[in-house]
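Student: Could you take me slowly through one part of this model, and then show me how that part fits in with what surrounds it? I would like one connected explanation rather than a list.

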Amino acid sequence: MLQKIYDWVDERVDITPLWRDIADHEVPEHVNPAHHFSAFVYCFGGLTFFTIVIQILSGMFLTMYYVPDIINAHASVYYLQNEIAHGQIVRGMHHWGASVAIVMLFLHTLRVFFTGSYKKPRELNWVVGVLLFFVVLALGLTGYLLPWDMKALFATKVTLQIAESVPVIGGIAKTLLAGGEIVGASTLARFFAIHVFFLPAALFVLLGAHFLMIRKQGVSGPL
Amino acid sequence: MAQNGSKVTRRQFLTYTLTGVGGFMAATLISPMVNFAIDPVLKKSGAGDKVKVMSLDDITTEPQRVDFKKQTQDAWYEFEETLSAWVYKTDSGEIVALSPICTHLGCQVSYGADPTRPNEYFCPCHFGRYEKDGTNIPGTPPTAPLARYEKEEKDGFLYLGSPISQK
């Protein structure tokens, strides 16, 4: 049945080369844990991506109940976690996944660093990777404020003070991030917008470039 | 593409096991999220508490409009909802409390609003009409009688719950 549907579409649109291009690629022996178990270190990039997919999915579902408003934000988080079926699991995935993503990202960075994979011709991909690291850290930072509990509030106050300590532009950076003089209504609204629209958009573009380059250049050779 | 008889090829075996395991993993990820999203459909709407509306002594055989406030919980938001009912007593002494929501498209009906028909509920939106007991008059837009509130008479007062459709 599925095969028939596939054949019907393929006959008309010729989709086979499309997915073949993505799916069929060589996995060299030195990155295959089935050959050398120590090659599991090459999995961290994929695991980071997998975690990010979970973050995107669980995040999409969380916004069905969450509202970025200082009166209702905490109440809506409490409600979705305690009153909605599997709320604890969905929020838990997003909460723990955020930490897992950063850990995996860090391990991936270490692997690339210690295998020297950033060297010519892959310097550009390293640069894109570092930008990705910043985007993911920023996602973690903006997401931290959203539950609007005491921890969120005071952590963000500290963050803004760090931003303020930057020479010359510190004051402007702080006001811009907070959307005003205090961590309040406008801060929550703009952190939400940055967290769910701006940063994911940047993430998709950078991930696209990251994957395009690794496919074009291939995995770096064995040590 | 088994080569001889019922033999499963290595490729087929791998395809089946990998899609099976992959599908299982994807399902464990997705199913809590889907359940989370469709929860409003699965939730039972709790029968709300009844609220004190008016003294039984004030109820006449002529329908009168009473407004009352009800504490309502909407997800994480709690507020006082203002509701109204048309309340009257039948000749046999039974109390009837009708919801003023027109069953056609949800406008507000009023008793005696049309001066030419003082003993009917009238909806100004599409000229829907109902008898005094809430029965819709054939030939006018509404297709069902007005909803009736759940009611309780206690300590000389009328208490009303949620409106129940009479369809």
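Tutor: Let us begin with the length of α9(A) in this predicted model: the helix has 33 residues, and because each should add 1.5 Å, the expected span is 48 Å, which agrees with the 47 Å between its end C-alpha atoms. Along its course α9(A) also has a kink of about 40 degrees, and this kink is centred on A:Ile194. The helix is followed by A:Gly218, a residue whose phi is positive, near 80 degrees.

Now consider which residues of α9(A) are buried: they are A:Thr187, A:Leu188, A:Phe191, A:Phe192, A:His195, A:Val196 and A:Leu199. To read that pattern, it helps to remember that an α-helix has 3.6 residues a turn, so residues three or four places apart point the same way. The cover over the buried residues of α9(A) comes from elements of chain A that include α3, α4, α6 (123–145), α7 (150–164) and α8 (170–178).

This leads to the largest nonpolar core, which has 20 residues, and in which A:Leu62, A:Leu80, A:Val90, A:Leu146 and A:Leu188 touch the most other members. At least two residues of this core are supplied by each of α3 (44–62), α4 (73–82), α5 (87–114) and α9 (185–217) of chain A, and also by α1 (10–37) of chain B. Of these, α9(A) gives the most, with 4 residues. In soluble globular proteins, nonpolar side chains tend to be buried together. If we look more closely at A:Leu62 and set aside its neighbours within four places in sequence, we find it in contact with A:Leu80, A:Val90, A:Arg91 and A:His94. There is also a second, separate core, made of 18 residues, with B:Ala85, B:Val87, B:Phe122 and B:Leu146 among them.

Next we can turn to the contact between the two chains, to which chain A contributes 16 residues and chain B contributes 11. On the side of chain B that touches chain A, the elements giving two or more residues are α1 and α2 (39–42) of chain B, and the largest share, 6 residues, comes from α1(B). By character, the residues on that side of chain B are 9 nonpolar, 1 polar and 1 charged.

Chain B also contains strands, and we can follow them in order. Strand β2 (residues 64–74) and strand β3 (residues 77–89) of chain B pair in the antiparallel sense over 11 bridges, and one of the pairings sets B:Lys70 against its bridge partner B:Glu81 in β3(B). These two strands form a hairpin with 2 residues between them, and in its turn B:Ala75 has a positive phi of about 50 degrees. On the way to the next strand, β3(B) is joined by 4 bridges to the antiparallel strand β4 (residues 95–98) of chain B, where B:Ala97 stands opposite B:Val87, the latter being one of the residues included in the second core. The hairpin of β3(B) and β4(B) has 5 residues between the strands, and B:Gly93 there takes a positive phi near 95 degrees.

Finally, 3 strands of chain B form an open antiparallel sheet in the order β5-β6-β7, with β5 (110–111) and β7 (128–130) as its edge strands, each pairing on one side only. Within this sheet, β5(B) pairs with β6 (residues 121–123) over 2 bridges, and B:Ser110 stands opposite B:Phe122 in β6(B).

Terms used
Residues numbered from 1 in each chain as written. Chains lettered and ligands numbered in written order. Predicted model: local features only at pLDDT ≥ 70, side-chain atom pairs only at ≥ 80, totals over all residues. Core = buried A, V, L, I, M, F, W, Y, C linked by C-beta atoms within 7 Å. Buried ≥ 20, exposed ≤ 12 C-beta atoms within 10 Å, placed from the backbone. Contact = placed C-beta atoms within 7 Å. Pairing = 2+ DSSP bridges. Nonpolar A, V, L, I, M, F, W, Y, C, P; charged D, E, K, R; others polar. Expected span 1.5 Å × (residues − 1). Bend = angle between axes of the 7 residues up to and from the residue.
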